[in-house]
Amino acid sequence: MRRAADRYSSYGRVLLVGHGMAFRCLKNIEKMSPAEIIERPYEKGQAECEYSFT
């Protein structure tokens with residue numbers, strides 16, 4: 001997921017489609033509903049997000 005996000009990080013807007021766990025690894029998103037649209041800024045090389053599975 002990070003490689004795909006990095007590849008298109010210079011674009012104005014990009015739509016990434018996937019599962020919640022993958023997006024939680026990119027941004028600190030605690031809860032996502034099915035089919036939810038979430039807009040978040042992303043910068044190439046940003047720090048890894050920490051996610052707890054508990």
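Student: How many helices and strands does the chain have?
Tutor: The secondary structure comes to two helices and zero strands. Keep in mind that this is a predicted model.

Student: OK, and how much of the chain is buried?
Tutor: Of its 54 residues, 19% count as buried.

Student: What about the accessible surface, how big is that and how much belongs to carbon and sulfur?
Tutor: The chain has an accessible surface of about 4,900 Å². Carbon and sulfur atoms hold 52% of that.

Student: Let's talk pockets. How much space lies in the largest pocket?
Tutor: About 870 Å³. For background, rolling a probe the size of a water molecule over the atoms shows where empty space is left.

Student: Which residues lie nearest its centre?
Tutor: Those are Val14, Leu16, Phe23, Ile38 and Arg40, out of a lining of 28 residues.

Student: What's the lining like by class?
Tutor: You get 17 nonpolar residues, six polar ones and five charged ones.

Student: And which helix gives the most to that lining?
Tutor: Helix α2, which covers residues 20–26, gives the most, with three residues.

Student: While we're on α2, is Leu26 buried or exposed?
Tutor: Leu26 sits in helix α2. Leu26 counts as buried because its relative accessibility is 5%, and the cut-off for buried is under 20%.

Student: What's the C-alpha separation between Leu26 and Gln46?
Tutor: Their C-alpha atoms are 8.8 Å apart, although 20 residues separate them along the chain.

Student: Where is Met32, then?
Tutor: Met32 is in the segment after α2. At 24% relative accessibility, Met32 counts as partly exposed.

Student: Which residues does Met32 touch?
Tutor: Leaving out residues up to four places away in sequence, Met32 touches Gly20, Phe23, Arg24 and Ile38. Two of those names came up before: Phe23 and Ile38 are among the residues nearest the centre of the largest pocket.

Student: And how far is Met32 from Met21 in space?
Tutor: C-alpha to C-alpha, the two are 9.3 Å apart, with their positions 11 residues apart in sequence.

Student: Switching topic, what's the phi of Ala35?
Tutor: The phi of Ala35 is near 65°, a positive value in a residue other than glycine. As a rule, most residues other than glycine have a negative phi.

Student: Where does Ala35 lie, and is it buried or exposed?
Tutor: Ala35 is in the segment after α2. Ala35 counts as exposed because its relative accessibility is 81%, and exposed means over 50%.

Student: How about Ile37, buried or exposed?
Tutor: Ile37 is exposed, with a relative accessible area of 74%. Ile37 also lies in the segment after α2. Its C-alpha is 9.4 Å from that of Val17, and the two are 20 residues apart in sequence.

Student: And where is Gly45?
Tutor: Gly45 is in the segment after α2 as well. Gly45 has a relative accessible area of 64%, so the label is exposed.

Student: How far apart are Gly45 and Ala5?
Tutor: They are 40 residues apart along the chain, and their C-alpha atoms are separated by 9.8 Å.

Student: What share of the contacts comes from residues 24 or more positions apart?
Tutor: Such residues account for 38% of the contacts in the chain with a separation of 6 or more.

Student: Last topic, aromatics. How many aromatic pairs are there?
Tutor: The count comes to one aromatic pair. Tyr8 and Tyr11 form an edge-to-face pair, with 5.3 Å centre to centre and 85° between the planes.

Student: Why edge-to-face?
Tutor: Because the planes are 85° apart, and over 60 degrees counts as edge-to-face.

Student: What are the relative accessible areas of the two tyrosines?
Tutor: Tyr8 has 30% and is partly exposed. Tyr11 has 48%, and is partly exposed too.

Methods. Residues are numbered from 1 along each chain as its sequence is written. This is a predicted model: local features need pLDDT of at least 70, side-chain atom pairs count only at pLDDT 80 or more; totals for chains, interfaces and linings use all residues. Side-chain values use heavy atoms; hydrogens and water are left out. On a 1 Å grid over the protein atoms alone, a cavity is a set of points where a 1.4 Å probe fits but cannot get out, and a pocket is an open set with protein on both sides within 12 Å along at least five of seven lines; lining residues have an atom within 4 Å of a point. Grid points are joined across faces, edges and corners, and a volume is the space filled by probe spheres set on the points. Helices (H or I, at least four residues) and strands (E, at least two) are DSSP runs, numbered from the N terminus. Ala, Val, Leu, Ile, Met, Phe, Trp, Tyr, Cys and Pro count as nonpolar, Asp, Glu, Lys and Arg as charged, and the others, Gly among them, as polar. Buried means under 20% relative accessible area, exposed over 50%, partly exposed in between (1.4 Å probe, protein chains only). Contact means heavy atoms within 4.5 Å. Accessible areas come from the Shrake-Rupley method with a 1.4 Å probe; for residues, only the protein chains shown count as cover. Rings of Phe, Tyr and Trp (its six-membered ring) pair if their centres lie within 6.5 Å; planes under 30 degrees apart count as stacked, over 60 as edge-to-face and the rest as tilted.
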